[in-house]
Amino acid sequence: MSNLTANGRNTIEEIARRYGLSSGAVEHMARAVSNGGGTMAQFNVPELGGSGQWMAGGMTMVGDMFNSGLQNTVSNLCGELSNAMASTLFFEQPKTTMGGGSWPEWLGQPAASGGQNQARYAYFPQARRLAFDHGNGGALVLLDTGDHQISGFSQQQSGLSDPFGGVSVSSQFGQFALSSFPVVDQNSQGESTMSAPPAPAGNPDFGPEPTNMPFDTQGQDTASNQAPTQPPQNTDDILGTIARLAQLRDAGALSEEEFSTKKSELLARL
């Protein structure tokens, strides 16, 4: 059952009429934009060429990647949905609880959440915070996510010394362990002081580690026994890699020439 609010449904139907799309396709895009914190979206909509990716102010990738008209449509649609969501509540949010209590109200609504065993965690884009509760009655841990727009969580094997049980997140910059983010001490109004990440020193398993990238963006291996990153094998992986390369180019980590070379190599695999 859809959890669209009345305002959200009316807005989606009005946008769908103007773009000549079905309401279902626009709702799918709205959810993708919402999951990306309003700045990015990963989607798979047949009416819009299948799989694709959008980043605010960045590259828009669609299945028919040489169809500039379709790219413009997706870019304009996502931008309009993002702007509309900033002023209108699109989706009803159930009360999110954790360890028997609610998340602090000042954090706002989570864009992504997850859980394992007794632990629960959620990402709050408006506050730029990630909340983690071990579920054992201890204090809520808050992490500063900075410029990361977190789209999901995953869990990997970890040692007993990892305070977050091997949980990592995916953002527009790659894959990062929770222990790579600084811990924030905050009061009920959200005023904060920052401390170092709680990851054990010298353990490469908990450093920032981009995934599906053809090279290490830090210029060195993050773990000497890590298997070499395999090149993307399908359209979704290739589109995602190109989009991340564009982010590195925009951040100054890649030159335009390096980006163009890598992009050509990836497109040749399609």
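This report walks through a predicted model of a single protein chain, from its overall make-up to a few local details.

**The chain as a whole**

There are 5 helices and 14 strands in the chain. It has 270 residues, and 40% of them count as buried. If you look at contacts with a separation of 6 or more, 46% come from residues 24 or more positions apart. The accessible surface is about 14000 Å², with carbon and sulfur atoms contributing 46% of it.

**How far to trust it**

Before zooming in, a word on confidence. The average pLDDT of the chain is 74, and 70% of the residues score at least 70. Among the elements, helix α1 has the highest mean pLDDT, at 91, while strand β4 (residues 97-98) has the lowest, at 43.

Two stretches call for caution. Over residues 95-100 the pLDDT stays under 50, and the model has 14 contacts beyond four places in sequence for them. The other stretch is residues 187-232, where pLDDT also stays under 50 and the model has 80 contacts beyond four places in sequence. Where pLDDT is low, the predicted coordinates should not be read in detail. So take the contacts listed for residues 187-232 with that in mind, because the coordinates behind low scores are not for close reading.

**Salt bridges**

Now for the charged side chains. Side chains of opposite charge can pair when their charged atoms come close. A search of the whole structure turns up 5 salt bridges. Among them are these:

| Pair | Closest N to O distance |
|---|---|
| Glu80 and Arg18 | 2.0 Å |
| Arg31 and Glu27 | 2.8 Å |
| Arg129 and Asp144 | 3.1 Å |

Start with Glu80 and Arg18, whose closest N and O atoms are 2.0 Å apart. This pair links distant parts of the chain: Glu80 sits in helix α3 (residues 68-87) and Arg18 in helix α1 (residues 6-19), with their positions 62 residues apart in the numbering. Glu80 is partly exposed at 25% relative accessibility, and Arg18 is partly exposed too, at 47%. Glu14 joins in as well: Glu14, Arg18 and Glu80 are linked in a network of salt bridges.

Arg31 and Glu27 make a more local pairing in sequence terms, as both lie in helix α2 (residues 23-35), 4 residues apart, or about one turn of the helix. Their salt bridge has an N to O distance of 2.8 Å. Are the two partners buried or exposed? Arg31 has a relative accessible area of 27%, so it counts as partly exposed. Glu27 comes out at 16%, and because the cut-off for buried is under 20%, Glu27 counts as buried.

Then there is Arg129 with Asp144, at 3.1 Å between the closest N and O atoms. Arg129 lies in strand β8 (residues 129-133) and Asp144 in strand β9 (residues 141-144), so the pair ties together parts that are 15 residues apart in sequence. Arg129 is buried at 9% relative accessibility, and Asp144 is buried at 15%.

**A strand hairpin**

Which strand pairs with β11, and in what sense? The partner is strand β12 (residues 174-177), and the two run antiparallel over 4 bridges. Together β11 and β12 form a hairpin, with 2 residues between them. One of the bridges joins Ser168 to Ala177 in β12. Strand β11 (residues 167-171) is mostly covered, with 4 of its 5 residues buried.

**Two serines to look at**

Ser51 is in strand β2 (residues 50-55). Its relative accessibility is 14%, so Ser51 counts as buried. What does the Ser51 side chain make a polar contact with? It is the side chain of Asn44, at 3.3 Å.

Ser75 belongs to helix α3, the helix that also holds Glu80. At 27% relative accessibility, Ser75 is partly exposed. Leaving out residues up to four places away in sequence, Ser75 touches Trp54 and Thr60. From Ser75 to Gly57 is 18 residues in sequence and 9.3 Å in space, C-alpha to C-alpha.

Conventions. Residues are numbered from 1 along each chain as its sequence is written. Side-chain values use heavy atoms; hydrogens and water are left out. Buried means under 20% relative accessible area, exposed over 50%, partly exposed in between (1.4 Å probe, protein chains only). Contact means heavy atoms within 4.5 Å. Accessible areas come from the Shrake-Rupley method with a 1.4 Å probe; for residues, only the protein chains shown count as cover. A salt bridge is a side-chain nitrogen of Lys or Arg within 4 Å of a carboxyl oxygen of Asp or Glu. pLDDT is the predictor's confidence in each residue, from 0 to 100. Two strands pair if DSSP finds at least two bridges between them. A polar contact is a pair of N or O atoms within 3.5 Å; within protein, one must be able to donate a hydrogen and the other to accept it, and residues adjacent in sequence count only if both atoms are side-chain atoms.
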